[in-house]
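Colleague: I would like to learn how to read the features of a model like this one. Please take them one at a time, with the general idea ahead of the case.

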Amino acid sequence: MANGDTSPSRVGQINGAGDADALFLKKFAGEILTTFEENNVFKPLHTIRTIENGKSAQFPVTGVASANYYTPGQNIADSGNSYLSDINKNEVVITIDDVLLASSFLSSIDDLKNHYDIRSVYASELGKALAIRFDTAIAKVFIAAARSAANVTGGKAGQIVDLSGNVLTDNADAGDDGDNTDPTGAELVAGLFTAARGLDENDVPESDRFCVLRPAEYYKLITGGSGALTIASSAVNKDVGGAGSLASGTVPQVAGINILKSTHIPSTDLSGTATGDGAASNDVFGGSGSGYNGDFSKTVGIVSHPSAVGTVKLLDLATESEYQMERQGTLFVAKYAMGHAPLRPECAIELQK
């Protein structure tokens, strides 16, 4: 060894050998995965199926059977009788969209000059970008499910609750009619009970029902929608069966529905937007929108059951990084390949202004 030379301890190497960046890259990937999970609200609220190859997946959808009184002596299996149920069947095909990715390039000289760990910042932001796109797409598909017709003959369609009059309407009423009055806390509570009735009438299981609202509407369930706290009309009033807390600012349930909040529920008319989500392979609004985009100008929130929407996953969240000598820096990429569509519209309700 020549005078002045040293053997540096490379903190990125595994056991002091091999790729000098190996440990750094694993740390980067882990941070993206954590950020993705932490920023997703809708991921656990719907059905996800993973496929190893192919461009789409089929989800079977079945109707219901019928029952009739039996006449002694008749052959149950005789087609001339009415004992045999011809259960209607259909399928929903969900296609994988193109790869959705977020990327960033880190110059090696900038990395050296920087006084804090910029790689963790890049990791967090890439994960958030994917999480927002994923969550927003699922929110749009739940709304599409609420506006969809039945998937099987004799089945039931999605529903819309118009909070201006607490009237349960059909899915033909979606869209902006000019009445954009923001709902009060009392109207939201009444709308949630109306939605619960709608799910009951569609025979949707009581377990796992949920509602996702924007923060502005979520906190109206606590304050009542006025400038001061109005406990008598709020969803946290324990005298009428509420289960929330003014101190924590939470509303666990209303009408047996778990209440959640998200900033990813769309609020504008995107029906004519053909970029971004509009470039998706799945047309969830059946021609009245573009890809996952539709008119959300009256949307307030979503009430549903996880069986209403499905996701097909071909490539789960993955990360790649490569030092590019010719560019003197590292390219970081986070990506996934999935597709989303309504499965059982009868399990979805949209809350509208």
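**Contacts, packing and a pocket**

Modeller: Leaving aside neighbours within four places in sequence, N258 is in contact with R209, F210, C211, P252 and Q253. Keep in mind that the model is predicted.

Colleague: Where is N258 found, and is N258 buried, exposed or partly exposed?

Modeller: N258 is found in strand β9. Its relative accessibility is 32%, so N258 counts as partly exposed. From N258 to C211 the C-alpha distance is 6.0 Å, while the two are 47 residues apart in sequence.

Colleague: What does the chain come to in secondary structure, and what percentage of its residues count as buried?

Modeller: There are five helices and 13 strands. The chain has 353 residues, and 43% of them count as buried. Of the contacts with a separation of 6 or more, 74% are between residues 24 or more positions apart.

Colleague: Which residues does G339 touch, beyond those up to four places away in sequence?

Modeller: The residues touched by G339 are I94, T95, I96, D97, N282, Y292, G310, T311 and V312. G339 has its place in strand β12. Its relative accessible area is 0%, so G339 is buried. Between the C-alpha atoms of G339 and T95 there are 5.5 Å, with their positions 244 residues apart along the chain counted as the separation.

Colleague: And E320, in which strand is its place?

Modeller: E320 is in strand β11, residues 309-324. With 43% relative accessibility, E320 counts as partly exposed. Setting aside neighbours within four places in sequence, E320 has contacts with L331, F332, V333 and K335. The C-alpha atoms of E320 and S103 are separated by 9.4 Å, and these residues are 217 residues apart along the chain.

Colleague: Next, helix packing. How should I read the side of a helix that meets a partner?

Modeller: An α-helix has 3.6 residues a turn, so residues three or four places apart point the same way. Here, G185, L188, V189 and L192 in α4 meet E217, K220 and L221 in α5. By class, that contact of α4 with α5 has four nonpolar, one polar and two charged residues.

Colleague: At what angle do α4 and α5 pack, and how far apart are their axes?

Modeller: The angle is about 95° and the axes are 8 Å apart, for α4 at residues 185-201 and α5 at residues 215-223. Angles of 65 to 115 degrees count as roughly perpendicular, and α4 and α5 are therefore roughly perpendicular to each other.

Colleague: Which residues in α5 are buried, and what covers them?

Modeller: The buried residues in α5 are E217, Y218, K220, L221 and I222. Their cover includes α4, β7 (210-213), β9 (257-261) and β10 (299-304).

Colleague: Now the backbone. What sign of phi should I expect?

Modeller: Most residues other than glycine have a negative phi, and most peptide bonds are trans. In this chain, D203 has a positive phi, near 60°, and D208 has a positive phi near 70°. D203 lies in the loop between α4 and β7, and D208 lies in the loop between α4 and β7 as well. The relative accessible area of D203 is 65%, so D203 is exposed.

Colleague: Which residues does H305 touch, not counting those up to four places away in sequence?

Modeller: H305 touches F142, V204, P205, S207, D208, F210 and C347. H305 is found in the loop between β10 and β11. At 10% relative accessibility, H305 counts as buried. H305 and R209 are 4.9 Å apart, C-alpha to C-alpha, and 96 residues apart in sequence.

Colleague: Last, pockets. How is empty space found?

Modeller: Rolling a probe the size of a water molecule over the atoms shows where empty space is left. In this model, the second largest pocket has a volume of about 230 Å³. Its lining has 15 residues, and D97, D98, L100, R133 and A280 lie nearest the centre. The elements that give two or more residues to this lining are α3 (118-146) and β12 (329-342).

Colleague: Which element gives the most to that lining, and how do its residues divide by class?

Modeller: β12 gives the most, with four residues. The lining of the second largest pocket divides into nine nonpolar, two polar and four charged residues.

Conventions
Residues numbered from 1 in each chain as written. Predicted model: local features only at pLDDT ≥ 70, side-chain atom pairs only at ≥ 80, totals over all residues. Heavy atoms only, no water. Axes fitted to C-alpha atoms, helices over the stretch in contact; angles between N-to-C directions. Parallel < 35°, antiparallel > 145°, perpendicular 65-115°, else oblique. Contact = heavy atoms within 4.5 Å. Nonpolar A, V, L, I, M, F, W, Y, C, P; charged D, E, K, R; others polar. Buried < 20%, exposed > 50% of the residue type's maximum accessible area, 1.4 Å probe, protein only. 1 Å grid on protein atoms, 1.4 Å probe; cavity = no way out; pocket = protein on both sides within 12 Å on 5 of 7 lines; lining within 4 Å. Points joined across faces, edges and corners; volume = space filled by probe spheres on them.
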